[in-house]
Amino acid sequence: MAKNVYIHIPFCKSKCKYCSFISYPKIELKEQYINALIKEIQTKYNGELLNTLYFGGGTPSILTVDEFSRIIKLFNINENTEITSELNPETITSEYLKGLKRSGINRLSFGCQTFDDEILKLIGRRHSSNDVKKAVKLAQNAGFENICLDFIYGLPQQTIDGFEKDLKIAISLNIQHISLYGLKIDENCYFYKNPPQNLPDEDIQADMYLKAIETMTNNGFSHYEISNFAKDGFQSRHNLNYWDNNTYYGFGVAAHGYENGTRYFNPTTLDEYINNPTTHKSSHKLSKQEQLEEEIFLGFRKMSGINVENINKKFDIDFRKKYATTIDKYISYKYLKETNVGFALTDSGILISNVILAEFLD
């Protein structure tokens, strides 16, 4: 039974230069899109009491408070349901935030990326560093007590010192959660065809990441997942559900979900989705081996690592024996460590996690 929901809101006023996500500037289609989304939810959702509900994008803050309310009312939620929305800082007003709070949203995630105004312009963001500070303050005044800021490291012209300064400003705003992503330039983004000048190289990116771990953990945040840091009790329950390899619904264009051992994907074009919101574009029933590999791959993203006993029970294997060569090799290199219940990546292991995880995949 899926008790977690992801909803994709695919509209953006303009596309950031590093973005390869599925998003469209066709805001005139918003009403048709919401009607299609409601139809999909009414057809597919089975009424479970939700643990988490997450609005991602695109830019969910393109929705009005009434539109959020219409969608949230379709679900069985209570005061314990974590309801998150990603928001862009530049359009936020006090009224809007109070409306979101009334609609049931209790966790906000602002796309900050950096507090360096020059870099924000370079990467095509529409907000300024002051917009973020103001949005956080307004959200706190509206009663939000669970606020996340997203950052990107490895941006053009960014230095390790500049990145550390970004994190310290974020900490000073008294927020509860920070997510960090290394800049990746994928084929579908502006930067791919127009490479920016002064990009930090891989070694500097790795040093930025290690600096982030040091800065955040020295300031009362626990590093609980490769890209995520939280004050105690404020880990993203929605994202932990993914890393625990549990089920979830995906609603909206380009959303994907995981139910009954099957991963499914929705159509990626707006027209296709609006015309037929209740048919998945594709689905794939995972074999037992694929399920095991996903369990390992996702589990190692958590800093607590994987629980060997759980995996042995779930998949009827002897994990230690099956992967002895890989485990022993990476423990000897100090890239893996043994925990009370299994194994976890070390900080230096995270930097080469793709190499390590590839060896666990048959």
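This dialogue reads selected features of a predicted model, from its sheet to its salt bridges.

Q: Where should I begin with the sheet, and in what order do its strands lie?
A: Begin with the strand order and the sense of pairing. Here nine strands make up an open sheet, ordered 7-8-6-5-4-3-2-1-9, with mixed pairing.

Q: Which strands stand at the edges of the sheet?
A: Strand 7 (222-225) and strand 9 (249-251) hold those places; each has a single partner strand, so one side of each is left without a neighbour in the sheet. From one strand to the next, the twist averages 20 degrees.

Q: How do strand 1 and strand 2 pair?
A: Look at the sense and at the bridges. Strand 1 (residues 4-9) pairs with strand 2 (residues 52-57) in the parallel sense, over six bridges. One point to find on screen is Tyr6, whose bridge partner in strand 2 is Tyr54.

Q: Which helix lies across these strands?
A: Helix 2 (residues 65-72) lies across strand 1, strand 2 and strand 3 (82-87). Helix 2 runs at about 135 degrees to strand 2.

Q: What should I expect of side chains along a strand, and which way do those of strand 4 point?
A: In a regular strand, side chains alternate between the two faces of the sheet. In strand 4, Arg107, Ser109, Gly111 and Gln113 point one way, while Leu108, Phe110 and Cys112 point the other way.

Q: How many residues of strand 4 are buried?
A: Seven of the seven residues of strand 4 (residues 107-113) are buried, and the strand is mostly covered. Residues pointing either way are buried.

Q: Which strands pair with strand 4, and over how many bridges?
A: Strand 3 and strand 4 pair in the parallel sense over four bridges, and Glu86 stands opposite Ser109 in strand 4. The connection between these two strands passes through helix 3 (residues 94-103), as a right-handed β-α-β crossover. Strand 4 also runs parallel to strand 5 (residues 147-153), joined to it by five bridges. Here Gly111 stands opposite Asp150 in strand 5.

Q: How do I read the faces of a helix, for instance which residues of helix 14 are buried?
A: List the buried residues, then view them down the axis. In helix 14 (residues 324-332) they are Thr326, Ile327 and Tyr330. Seen down the axis of helix 14, these fall within an arc of 95 degrees, so they line one face of the helix. On the other side of helix 14, Thr325 and Ser332 are exposed.

Q: What do the buried residues of helix 14 pack against?
A: Their partners are helix 13 (319-322), strand 14 (336-338), strand 15 (342-345) and helix 16 (353-360). Just after helix 14, Lys334 has a positive phi of about 65 degrees.

Q: Turning to a loop residue, is Asn245 buried or exposed?
A: Asn245 lies in the loop between helix 9 (237-243) and strand 9. Its relative accessible area is 7%, under the 20% cut-off, so Asn245 counts as buried.

Q: Which residues does Asn245 contact?
A: Set aside neighbours within four places in sequence. Asn245 is then in contact with Tyr258, Arg263, Gln291, Glu294, Glu295 and Leu298.

Q: How many salt bridges are there?
A: The count comes to eleven salt bridges. For each pair, check where the two residues sit and how exposed they are.

Q: Where do Lys211 and Glu214 lie?
A: Both are in helix 8 (residues 202-217), three residues apart, about one turn of the helix. They form a salt bridge, with the closest N and O atoms 3.6 Å apart. Glu214 is partly exposed, at a relative accessible area of 42%.

Q: What parts of the chain does the pair of Arg301 and Glu225 link?
A: The side chains of Arg301 and Glu225 meet in a salt bridge (2.5 Å, N to O). This pair links distant parts of the chain, 76 residues apart: Arg301 is in the loop between helix 11 (288-299) and strand 13 (306-307), and Glu225 is in strand 7. Arg301 is partly exposed, with a relative accessible area of 25%, whereas Glu225 is buried, with 0%.

Q: Which residue meets Asp328 in a salt bridge?
A: The partner is Arg320, at 3.0 Å from N to O. Asp328 counts as partly exposed at 39% relative accessibility, and Arg320 counts as partly exposed at 31%.

Conventions: Residues are numbered from 1 along each chain as its sequence is written. This is a predicted model: local features need pLDDT of at least 70, side-chain atom pairs count only at pLDDT 80 or more; totals for chains, interfaces and linings use all residues. Side-chain values use heavy atoms; hydrogens and water are left out. Two strands pair if DSSP finds at least two bridges between them. Axes are lines fitted to C-alpha atoms, for helices over the stretch in contact, and angles run from 0 to 180 degrees between N-to-C directions. Contact means heavy atoms within 4.5 Å. Buried means under 20% relative accessible area, exposed over 50%, partly exposed in between (1.4 Å probe, protein chains only). A crossover is right-handed if, with the strands pointing away from the viewer, the path from the first strand over the helix to the second runs clockwise. The arc is that of the directions from the helix axis to the C-beta atoms. A salt bridge is a side-chain nitrogen of Lys or Arg within 4 Å of a carboxyl oxygen of Asp or Glu.
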